[in-house]
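Got the viewer open? Here's a short tour, one selection at a time.

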Amino acid sequence: HGDTARRRLLIVGAGDKGEAFLREIRQGARLPYKPVAFLDDSQAKHGSYIHGVPVLGSLDALPAVVEKSRIEEVVVATPSASGTELRRIMDLARK
């Protein structure tokens, strides 16, 4: 059934956890996700690719990326995210 049943996924956090999560999705055929992009507040990572998935910018780009890339689900892969940061991500995702 290919990509049609897979939800378009945005991963917040292009560090080790985000990369590990992407690998897990790719290896676990039963996970119904198509990773489309990463966001990360580290400017050094912007414009790079992790296993072929682009890092499109910082968290502030979240509403635009969700709309432009037709994101259906957002996963936070930043273990150090505080409650405040998680709320900010949720607010941006709702936009």
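**Stop one: Ala14**

Start by selecting Ala14: beyond its neighbours within four places in sequence, Ala14 is in contact (heavy atoms within 4.5 Å) with Phe38, Leu39, Asp40, Lys45, Ile50 and Val55. Keep in mind that this is a predicted model, where local features need pLDDT of at least 70, side-chain atom pairs count only at pLDDT 80 or more, and totals for chains, interfaces and linings use all residues. Residues are numbered from 1 along each chain as its sequence is written, and side-chain values use heavy atoms, leaving out hydrogens and water.

**Stop two: the cores**

Now add Leu9, Ile11, Leu22, Ile25, Tyr33, Phe38, Ile50, Val53, Val55, Val75 and Ala77; with Ala14, they form the largest nonpolar core, twelve residues in all. Such a core is a set of buried (under 20% relative accessible area, 1.4 Å probe, protein chains only) Ala, Val, Leu, Ile, Met, Phe, Trp, Tyr and Cys residues joined through side-chain atoms within 4.5 Å. Strand S1 (7-12), helix H1 (16-27) and strand S2 (33-39) each give two or more residues to this core. Apart from it lies another core of eleven residues, including Leu10, Val12, Leu59 and Leu92.

**Stop three: confidence**

Colour by pLDDT, the predictor's confidence in each residue, from 0 to 100. The protein averages 91, and 95% of the residues score at least 70. Among the elements (DSSP runs: helices H or I, at least four residues; strands E, at least two), helix H3 has the lowest mean, 89, and strand S4 (residues 53-54) the highest, 98.

Definitions and conventions. Buried means under 20% relative accessible area, exposed over 50%, partly exposed in between (1.4 Å probe, protein chains only).
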